[in-house]
Amino acid sequence: MSLDRGRLAARLAAEERRFEEDHPRSRALFERARRSLLGGVPMNWMVRWAGPFPIFVDGAEGAHFTDVDGRRYLDLCLGDTGAMTGHAPPASVEAIAARARRGLTFMLPTEDAVRVGEELARRFGLPFWQTALTATDANRFAIRLARHVTGRPKLLVFHWCYHGTVDETFASLRDGRVVARAGNLGPPVDPAVTTRVVEFNDVPALEEALSHGDVAAVLAEPAMTNIGIVHPEPGFHEALRAATRRTGTLLILDETHTISAGPGGCTREWGLSPDILTIGKPLAGGVPAAVYGLSEEVAGRVRAATTVDAADTGGIGGTLAGNALSLAAMRATLENVLTEEAYARTIPLAERFAEGVAAVIADHALPWHVTRLGCRAEYWFRATPPRNGSEAAAAIDPDLDRYMHLAALNRGVLMTPFHNMALIAPETVEADVDLHTRVFRESVEALVGP
């Protein structure tokens, strides 16, 4: 069916009016913030919400939050994975409070660090770990190590990937050439100097790019998640691992979002074997924390190629990395929140979410689809699942995105602003998922008719 763009514009305008009427306190705070914060927000991504200004949050617990206007929301964004644990998980909060009373950072290790390393090794199968504060830094440090131990200059990424604010990853394909990705602010060098780019699931292109012998590492999510969920085709990971090993290229898997697949991410669920694994966001229940793990072989190469004297000047680390607060929060979160039992609740609820959305799509014969990765689900405005980033990007409809997000928000449901993505927190219940299904149906019927 073709979308009536005039009807879409009218519905979007109505939702915008409703939003502004319902959020006077958030509007007032935003106007005040514009006098001291660039763009009126403390971090630039916060401008990318569907309304004319962001909602200001008052407090949150579990799967819900309340804004400064007193409105309560089901949170399916969960800080774009940062709060996948749910808001203020009690075990994490108690550990954070206890650690805060005994000091936050020392530039020395605590026992929590040992417990975290042991748990990460158990979950992901990589024996040696280091900490950072964000997945961006974990990826940046992993790339530096890969270049150092291989002696090679380039990184390979997949078209439309996202791995945090890492310079080498803000590259894309245009007419077969590597160029700076649209919106890349102040790139330090032409990304073609540092990066090779191929489409996800394109094994021949991957093998050709690696054949030059100048790629230190492939950096990839096990499934793409930042341009909609793009699943690997059967045999892709086997081909990726074989090609990297054959060409002496390290394989870095970024599980920051794909931790939604299970307690050990896709690495454990799918039996993958990366040389380095990176992950951030939800590990510490919302406190900034990230880690990167090394295989036995790569750890040996790192030890052989580095010295203690250069430990503080090699471009890896940070004064607050490995701080006691982050490690206490990580230990508590890994041991008590991101558990097998939690995923046993959240994954079936994500299945219920996807089934509800699929039923509405089918009832209205919409050329849309919904897909899922563990406790993460997402709908997309194309009839079939995309096999790569280009196909996913071609389906982006900014006006339709904005309408669906704003309609949901006005009815008490927050979706992730950069996608049509929902994450399920451990405290989410069936009634919450069914609320989204009702809101989704209502929004669709207002747009296309019952």
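Here are a few exercises on this predicted model, each with a worked solution.

Some ground rules to start: residues are numbered from 1 along each chain as its sequence is written. Local features need pLDDT of at least 70 and side-chain atom pairs count only at pLDDT 80 or more, while totals for chains, interfaces and linings use all residues, and side-chain values use heavy atoms, with hydrogens and water left out.

**Exercise 1. Work out how the radius of gyration of the protein sits against the globule rule.**

Step 1: count the elements. There are 15 helices and 16 strands, read as DSSP runs numbered from the N terminus (helices are H or I with at least four residues, strands are E with at least two).

Step 2: apply the rule. For 450 residues it gives 22 Å, and the protein's radius of gyration is 22 Å, so the protein is as compact as a globular protein of that length. The radius is taken over C-alpha atoms, and the rule is 2.2 Å times the number of residues to the power 0.38.

Step 3: add the box. Along the principal axes, the C-alpha atoms fill roughly 65 × 55 × 45 Å.

Step 4: check the burial and the contacts. Of the 450 residues, 55% count as buried (under 20% relative accessible area; exposed is over 50%, partly exposed in between, with a 1.4 Å probe and protein chains only). Take the contacts (heavy atoms within 4.5 Å) with a separation of 6 or more: 74% of them come from residues 24 or more positions apart.

**Exercise 2. Find out how enclosed helix α11 is, and by what.**

Step 1: check the geometry. Residues 324–336 make up α11, and its 13 residues reach 18 Å from first C-alpha to last, close to the 18 Å expected. The expected span is 1.5 Å times one less than the number of residues.

Step 2: count the buried residues. Ten of the 13 are buried, so α11 is largely enclosed by the rest of the structure. Among them are Leu-325, Leu-327, Met-330 and Leu-334.

Step 3: look for the cover. It includes α3 (90–100), α4 (111–124), β4 (128–132) and β12 (290–294).

**Exercise 3. Do the span check for helix α12, then see what packs on it.**

Step 1: the 24 residues of α12 (340–363) should span 34 Å, and the end C-alpha atoms are 35 Å apart, which agrees.

Step 2: pick out buried residues. They include Tyr-343, Ile-347, Phe-353, Val-357 and Ile-361.

Step 3: name the cover. β13 (369–373), β14 (376–380), β16 and α15 (430–448) are included in it.

Step 4: step past the helix. Ala-365 follows α12 and has a positive phi, near 50°.

**Exercise 4. Sort Ser-260, His-419 and Val-193 into buried or exposed.**

Step 1: Ser-260 sits in the loop between β10 (250–254) and α9 (265–269). Its relative accessible area is 0%, so Ser-260 is buried. Beyond four places in sequence, its contacts include Met-84, Tyr-343, Ile-347 and Arg-376; Tyr-343 and Ile-347 are among the buried residues of α12.

Step 2: His-419 is in the loop between β15 (413–414) and β16 (421–423). At 3% relative accessible area, His-419 is buried too. Its contacts beyond four places include Asp-80, Arg-376, Glu-378 and His-405.

Step 3: Val-193 belongs to helix α6 (191–194) and is exposed, at 56% relative accessibility. Pro-153 is 40 residues from Val-193 in sequence and 8.6 Å away, C-alpha to C-alpha.
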